[in-house]
Each structure stands twice: as C-alpha cells, then as structure tokens.
Amino acid sequence: MAAGGFAFQNYNESSSYQRRILLKATDALYDSLNYVKESENGTIVIADYGSSEVYNSMVFLSSILHKFRETSQQPVYVVHNDLPDNNWMKAFRTIVDSNESYRKVPNTFFSAIGLSFYEQILPEETVHVGFSSSAIHWLSEPLSAPDHIIPSASEDSEFLALASEQAHKDLVSILKLRYKELVPSGRLLLQFADRTRESIISNIWQEASENLFSKGIINEEEKRDLTIPMYRRSPEEI
Ligand SMILES: C[S@@+](CC[C@H](N)C(=O)[O-])C[C@H]1O[C@@H](n2cnc3c(N)ncnc32)[C@H](O)[C@@H]1O
C-alpha cells in the first residue's frame, strides 16, 4: 500500500480546514491561468494532484473558472488525481450533482486518474496548470518512527535524518515528474503542511494511538508500527 493509501470516509464533509487553505490560492491559480492562456490558443489543461472526494477542488476551481470565462472562451479540461482506492464514486457524483460545480462554466470538461502522484500520470508537456493542496506531505513509503505516529514529529534523531532524506527524495521526485507533465510555459502550485504547528496537530494523533493502546485495542508492537506516513518539512528542508 502506498503511503496515504486509504480511502477517506466523508472527506468532503470534514475538510473545511483544508478548503480554507486551498481557497487562499485562488488568486495564484487565476493568475496562472491568465499567464498560460497567453501562449496557448487551444484547450487549457488543469491537473489536481491528490484531490480526495473533490468537493474542495471543485469549489475552488468553480469560482476561478467563472471569472476566467469573463475574458476567455478557451475550453478547459480538469484532471483530478488521487490513489486508486480513493472514493471516486463520491468524487464523480459530487462533480455531476453539485450546484457549485465548475460544470456550470461553459466549455469545461473533466476526468480522473487513480494513480499515485509518485508516478508520471499524464503525457509529457500536456498540463498547463498543475496544483496540489494538503497532499504532498504524504510520503511515498510508509516509514514508522519508534516514538511517534507521525514521522516528522519523532524526537529520535537517527530516524528523523532517515525520514528527512525520504521526504527530500519524494519532493524532488514530485517536482521532476510534474516538470515532465507541464508544458514549457506551464505553472505548478503546491500547498503542503510545514513544521510550524507540528506538535499541536501531530500530538492529537499520538494521543489517539496511546488511547487505543491503553484500552487494549492494539498491543505494544502494533502501537510502535502504527504510522501516518506524513512528513511536515521545515522551511530549511523546503
Ligand atoms: C488531505 S487530502 C487533500 C484533498 C484536497 N486536495 C484538499 O485540498 O482538500 C490528501 C489527499 O492526498 C491523497 N494522496 C496521498 N498520497 C497520494 C499519492 N501518492 N498519490 C495521489 N494522491 C495521494 C490522499 O489519498 C488524500 O485524498
């Protein structure tokens, strides 16, 4: 199983925090679309890496594309990506059924790809604007820290060095893959969790794993192996 490889249940209903983060990138994505339209007369391809059940991306894109239509009639093709086990049925129903869908914007199309973003998922030089929000802090490999459920919250310096190296390799790999997929004048916007509030957020999960252990639901070995393989990078690491 790839890191992050489980289907979130009811993500759309429980991710207003992530939505607020994503909406902060509204102007940046709108500017990127205007930038790429200068060199592209045909269809503009937008790729969304790590979309989950799609509601957040859909609302985000909807307002941007309505505004974009005021100055451009170019077709827009949105490609959502997440792992194969993502709740794709819910994602499709959300895009098709919601009144807030970007499908209300004329000449806008969509599809979805169930593959890890640690692979090339689109042909070379086909993406005009790529974005990813609250997703690329998920590592490619499930690393287990000896003392904490979240790798980047570990206080074991030897383990932290290993995890930092993995996070670095993963970020480089994501950038190289997206570089291949982007057209030469394309833009990539990445939002991901950093170390700033590490202890507050990560310790909630650590407490939950301690609770499972104290209630006898998991044993010592299972507690040690339990991991949410995220790595919040420090500004220096980024
Ligand atoms: C917290 S959700 C973010 C969803 C959405 N982008 C948002 O802003 O609300 C993180 C998503 O990243 C996905 N993810 C984690 N690792 C991934 C990978 N290697 N490839 C594709 N998606 C991945 C998870 O499955 C999850 O749906």
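**A tour from the whole chain to its core**

Start with the whole chain in cartoon view and follow it from the N terminus, where the order of helices and strands reads α-α-β-α-β-α-β-β-α-β-α-α, with helices (H or I, at least four residues) and strands (E, at least two) taken as DSSP runs. The chain is as compact as a globular protein of its length, because its radius of gyration, 19 Å, is close to the 18 Å that the globule rule gives for 238 residues; the radius is taken over C-alpha atoms, and the rule is 2.2 Å times the number of residues to the power 0.38. This is a predicted model, in which local features need pLDDT of at least 70 and side-chain atom pairs count only at pLDDT 80 or more, while totals for chains, interfaces and linings use all residues. When you make selections, residues are numbered from 1 along each chain as its sequence is written.

Next, select Leu33, Ile46, Ala47, Leu61, Ile64 and Val78, the residues with the most contacts inside the largest nonpolar core, which has 45 residues. Such a core is a set of buried Ala, Val, Leu, Ile, Met, Phe, Trp, Tyr and Cys residues joined through C-beta atoms within 7 Å, and buried means that 20 or more other C-beta atoms, placed from the backbone, lie within 10 Å of a residue's own.

Now colour the elements that give two or more residues to this core, among them α2 (26-37), β1 (44-49) and α3 (55-68); the largest share, seven residues, comes from α3.

Finally, centre on Ala47, which, leaving aside neighbours within four places in sequence, is in contact (C-beta atoms, placed from the backbone, within 7 Å) with Val79, Asn81, Leu122, Val127, Gly130 and Glu181.

Conventions: A residue is buried if 20 or more other C-beta atoms lie within 10 Å of its own, exposed if 12 or fewer, and partly exposed in between; C-beta atoms are placed from the backbone. Two residues are in contact if their C-beta atoms, placed from the backbone, lie within 7 Å.
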